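Dear colleague,

I am passing this structure on to you, and below it you will find my notes on a helix pair and on a strand with its partners. Please read them with the coordinates open.

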Amino acid sequence: MSLHFINAEKRIHDSVIFPSFDLSVDPGDIVAVYSSVNVREQLIELLLEKTRLSNGEIRVDDSKISNNRQKVGILFLQDGLYERLSIEEMISFIKDLYTSNVLKDDVIQAVQLDSKRKVKIKQLSYSERKRVQLACLLIRDPDIYIFEEADQNLDLESKRIFVSILQRLKQQNRSVLILTGNMESAVTTSDRVLRLDENGLHSIHTQEAIEDRATLIEEKPLVADSVLPVRFEKIPTKINEKIVLFDPPEIDYIESNEGLSLLHIKGESFPSVSTLTELEARLLPFGFFRCHRSYIVNLQKVREVITWTRNSYSLVLDDTQKSTIPLSKSKMVELKEMLGL
């Protein structure tokens, strides 16, 4: 079964939570949507039909999601487990509740809790509780899986188990949607990463996607003798073993810390393989400004210039954190000239 968001738009009063977008999660897909907490919570409410879209619809195959409630399983951030039950009792309860044919022993072994099956849930660690929650979802055996911050604060072993189960669901041709506010989690757990915010739904490109696209271009026959050159400029960062490519306008500012350049994007920081000087040269045409020896700022994100003393200045950005970054005296003069002050 496929999950479809069709012209989905959500507004609250005069605020746009997200504009109209289309998204399909098909069997065998693992799709991560990277968003703010507010957007993620709205998506969960919509999927539960506790609230309605301002425009558009959410469908499972060709029918309303309400007609396929049993086919959609959600793993919530809060576990909702009964603490007085043992692991085995909790899973048996869910199995009976949903009249599932999945074997209880199979899911307990899948989350690697066989040795603790008689242990009460209240005695488990946070990561073990999340594994029980995952087992309860697996025994329901839905066609569409939705995960809300599934690997948040998990220990390494539990993260490994979660990723392994995701790959098994992919092999079983299940549809998987991951909702997260952590870019590292989005990149490492999914095949396709998308950002959803007030500007709409946009793809987050990784190096693998760019290489696949380049291969397709090479295989496609040329239809003309001359092709106009296209400027391709993305800033690479490395997350675990994947290279993620960001569009320059996404970047709020860049900081150099102990020789490492960090890109700050929507409250998260990502290490860059380039030096601050190299990034300054690449980003100059996009409206970036070297405001301090250790900082480059996207001038489009600057909201205020604050003067503390005759020699001390700061820039306040128009981001969620209202980030404040230093502006050196010499750069203040340069900035005034750029602004025509």
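At what angle do helix α2 (residues 87–97) and helix α4 (residues 126–140) pack, and how far apart are their axes? In this model, which is a predicted one, the angle is about 30 degrees and the axes lie 9 Å apart. Since angles under 35 degrees count as roughly parallel, α2 and α4 are therefore roughly parallel to each other, and their crossing is right-handed. On the α2 side the contact is made by Ile87, Met90, Ile91, Ile94 and Lys95, while α4 contributes Val132, Ala135, Cys136, Ile139 and Arg140. Sorted by class, the residues in this contact are eight nonpolar and two charged, with no polar ones.

The second part concerns strand β17 (residues 295–298), in which Tyr295 and Val297 point one way, whereas Ile296 and Asn298 point the other way, and all of them are buried. In a regular strand, side chains alternate between the two faces of the sheet.

As for its partners, β17 pairs in the antiparallel sense with strand β13 (residues 253–257) over three bridges, and within that pairing Ile296 is the bridge partner of Ile254. Strand β16 (residues 288–292) also pairs with β17 in the antiparallel sense, over three bridges, with His292 standing opposite Tyr295. The connection from β16 to β17 is a hairpin that runs through two residues.

With best regards

Conventions. Residues numbered from 1 in each chain as written. Predicted model: local features only at pLDDT ≥ 70, side-chain atom pairs only at ≥ 80, totals over all residues. Heavy atoms only, no water. Buried < 20%, exposed > 50% of the residue type's maximum accessible area, 1.4 Å probe, protein only. Helix = DSSP H or I, 4+ residues; strand = E, 2+ residues; numbered from the N terminus. Pairing = 2+ DSSP bridges. Axes fitted to C-alpha atoms, helices over the stretch in contact; angles between N-to-C directions. Parallel < 35°, antiparallel > 145°, perpendicular 65-115°, else oblique. Left-handed = near helix turned anticlockwise from the far one by under 90°. Contact = heavy atoms within 4.5 Å. Nonpolar A, V, L, I, M, F, W, Y, C, P; charged D, E, K, R; others polar.
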